[in-house]
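Reader: I am new to this structure and would love a close look at a single part of it. Could you pick the cysteine link, and then walk me outward from there?

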Amino acid sequence: MTTYSRLTAFALLVGLVAACAPGGDENVAAGSNQPPAVPLTVEDLSSQVGCEPRMQVDASDLRTGYCKTDAGEFFVNTFTSEEGKNAWMDQAPEYKPHLVGPLWTVLGDLKVLKQLQAPLKGDLHLKDHRVTPTPAAAG
C-alpha cells in the first residue's frame, strides 16, 4: 500500500470514528450555527394557551403553575433536566393523563389536554407517562 493510500485510509477512519463518537456539538454536525433551543418556562407554556399561571412550586429543579382557562383547569410543570422530569413522572398519578414535551409536562383532565395539545405541541400520554406514549384519537 502506498503512502497516499495509507493517508487516505487513515483520514477516512478518523472521520468515521469522529462521526460515531458520542457527544460533541450536534449543531455543527448538522451544519447549523444555531444555538440549542432554550427550554420553555411555566410562563411561556401558559401564555401559549391564554393563561397567567398561579405559581405553586418555584424550586431550582421544578416549577409548577396552576392555570384555569376556558378549556379547563390544569398544572404546568417545567424541569431543569430530563432526569428530573422522568423522576417526577415516575411518581405522577397514573389515573391522570399528561401532555409531555421537552423538559415540561401538563397535568389535567383528558378533555382539557386534548384542547391544549395542538397549541403546546406536546405528546399525550394516557397511561405509562414516561415509557410509552399512548396516541390519542383525533377529534
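Author: Happily! Let's begin with the link of C51 and C67, which is left-handed, with -105° about the S-S bond. The disulfide joins C51 to C67 with an S to S distance of 2.2 Å; a disulfide here is a pair of cysteine sulfur atoms within 2.5 Å. By this rule the count comes to one disulfide.

A word on what you are looking at: this is a predicted model, in which local features need pLDDT of at least 70, side-chain atom pairs count only at pLDDT 80 or more, and totals for chains, interfaces and linings use all residues. Residues are numbered from 1 along each chain as its sequence is written, and side-chain values use heavy atoms, with hydrogens and water left out.

Back to the disulfide. The pair links distant parts of the chain, 16 residues apart: C51 sits in the loop between α3 and β1 (54-58), and C67 in strand β2 (residues 62-69). Helices (H or I, at least four residues) and strands (E, at least two) are DSSP runs, numbered from the N terminus. C51 is buried, with a relative accessible area of 10%, and C67 is buried too, at 0%. Buried means under 20% relative accessible area, exposed over 50%, and partly exposed in between (1.4 Å probe, protein chains only).

From C67 we can step to F74. Leaving aside neighbours within four places in sequence, F74 is in contact with ten residues' worth of company, including C67, Y66, V106 and L116; contact means heavy atoms within 4.5 Å. F74 is also among the residues with the most contacts inside the largest nonpolar core, together with L99, V106, L116 and L120. That core has 16 residues, and a nonpolar core is a set of buried Ala, Val, Leu, Ile, Met, Phe, Trp, Tyr and Cys residues joined through side-chain atoms within 4.5 Å. The elements giving two or more residues to this core are α3, β3, β5 and α5 (110-120), and the largest share, four residues, comes from α5. In soluble globular proteins, nonpolar side chains tend to be buried together.

Next come the rings. A search of the whole structure finds two aromatic pairs. Rings of Phe, Tyr and Trp (its six-membered ring) pair if their centres lie within 6.5 Å; planes under 30 degrees apart count as stacked, over 60 as edge-to-face and the rest as tilted. Y66 and F75 form a tilted pair, 5.4 Å centre to centre with 55° between the planes. Y66 is buried, at 14% relative accessible area, whereas F75 is partly exposed, at 33%. The rings of F79 and W88 have their centres 5.7 Å apart and their planes at 55°, so this pair is tilted. Here F79 is buried, at 6%, and W88 is partly exposed, at 22%.

Our last stop is helix α4 (residues 82-91), where K85, N86 and M89 are buried. Seen down the axis of α4, its buried residues fall within an arc of 100°, so they line one face of the helix; the arc is that of the directions from the helix axis to the C-beta atoms. These buried residues pack against β3 (72-79), β4 (98-101) and β5 (104-108). The face turned away from the buried side of α4 carries the exposed residues E83 and Q91.
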